[in-house]
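Biologist: Please give me a close look at one helix of this model, its surroundings and the strands they lead to. I would like the pairing and the burial set out residue by residue where possible.

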Amino acid sequence: MSSTTIAGVEIPRADKVLYPTDGITKADVAEYYADVAETMLPHLADRPVNMQRFPDGIEGQSFYEKKLPDHFPDWVGSVRVDVTGGSQEQVVVGDRRTLVYLAGQACLTPHVWLSRTSDLDRPDQVVFDLDPSDGDLALVRRATGTVREVLESLDLPAYLKTTGSRGYHVVVPVRPQHDFDVVRGLARRVAELVVEEDPDGFTIEQRKGKRGDRVFVDVLRNGYGQTAVPPYALRARPGAPVATPIEWDELSRIEPDQVTIASVRDRLSRREDPWKGMRRHARSLDKALEKL
């Protein structure tokens, strides 16, 4: 298999097909990330990355790689993080070249931490993951809107994105003032208030067997070392769907896996990233914590 150069980065086995149903190759993935890098990088910058790699494509074996591999070039950014039993270096994507290089390593989805390298113990995001139990999209949308309503009652901004999978993420930009225990506690209390609005439709039950047909309001990502799919990341699903920020008035029109590698660039050419400048709206959680 041949190699090629994209954005100044050599892509080995560039014609390797990673999405067999769609004929999407590693070169296609690298070109996609090169094209969206300017928009995507602010959502990746200064965050440790857990790489989800698919060397044999989405139908083959995959694995998560957290530790910075020894063979990565020295221009790939990294940060040392504490892990059980010690510490390790993890990748940080700070430029277009690194993002394209990861694509060349068959990293389809670079999952990112909710905290930044300047203060890894204090998150600057709160994430609510709305996941259906039975594919009832209308119920997922209603749960997602209810999360927004509860957050607004606490005077907290709520940003929306498709996950590129089965549900939606609601994200709150916050000032990194509190540790993960405090932030997760707030997220759980918000989730409880959401469930109180419709206990027959929504749940915080972690065990799938006890959820029934209810939408799971998942706040488990709000922990040290936990990750979320960043905006504009590809997902390992047929059609190559993309996790995509959307406006709230698009919730009723755009399905969780509707935006794909084939459509997202056209979308970005027609409209600004809805999450652009999101950090300017980060809030302190102190007043919300007092209300709760």
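Modeller: Contact here means heavy atoms within 4.5 Å. Helices (H or I, at least four residues) and strands (E, at least two) are DSSP runs, numbered from the N terminus. The model is predicted, with local features needing pLDDT of at least 70 and side-chain atom pairs pLDDT 80 or more, while totals for chains, interfaces and linings use all residues. Residues are numbered from 1 along each chain as its sequence is written, and side-chain values use heavy atoms, without hydrogens or water.

The helix to start from is H2, residues 96-104, which is mostly covered. Of its nine residues, seven are buried (under 20% relative accessible area, with exposed over 50% and partly exposed in between, for a 1.4 Å probe and protein chains only). The buried residues run from Thr98 through Leu99, Val100, Tyr101, Leu102 and Ala103 to Gly104. Their packing partners are one helix, H1, and five strands: E1 (4-6), E2 (9-11), E5, E8 (86-91) and E9. Just after H2, Ala106 has a positive phi of about 60 degrees. Strand E9 then covers residues 107-113.

Two of the strands packed against by H2, E5 and E9, also pair with one another (at least two DSSP bridges between two strands count as a pair). Five bridges join E5 and E9, and the two run antiparallel. Within that pair, Val49 stands opposite Val112 of E9. E5 and E9 occupy the middle of an open sheet of four strands, in the order E6-E5-E9-E17, with antiparallel pairing. The edges are strand E6 (63-65) and strand E17 (227-228). Each of these edge strands has a single partner, so one side of E6 and one side of E17 are left without a neighbour in the sheet.

A second set of strands gives another case of burial. Strand E14, residues 168-173, is also mostly covered, with six of its six residues buried. On one side of E14 lie Tyr168, Val170 and Val172, on the other His169, Val171 and Pro173, and both of these faces are covered. E14 pairs with E12 in the antiparallel sense over six bridges. One of the residues involved is Val126, whose bridge partner in E14 is Val172; Val172 is among the buried residues already named.

E14 is also joined to strand E13 (residues 159-162), here by four bridges and again antiparallel. Thr162 has Tyr168 of E14 as its bridge partner. E13 and E14 make a hairpin with five residues between them. In the turn of that hairpin, Gly164 has a positive phi of about 75 degrees.

Burial can also be followed in a loop. Thr260 sits in the loop between strand E18 (245-246) and helix H5 (264-270). The relative accessibility of Thr260 is 15%, so Thr260 counts as buried. Leaving aside residues up to four places away in sequence, the contacts of Thr260 are Gly239, Ala240, Pro241 and Val242.

To return to the helix: what do the buried residues of H2 pack against? They pack against E1, E2, H1, E5, E8 and E9, and of these E5 and E9 belong to the open sheet.
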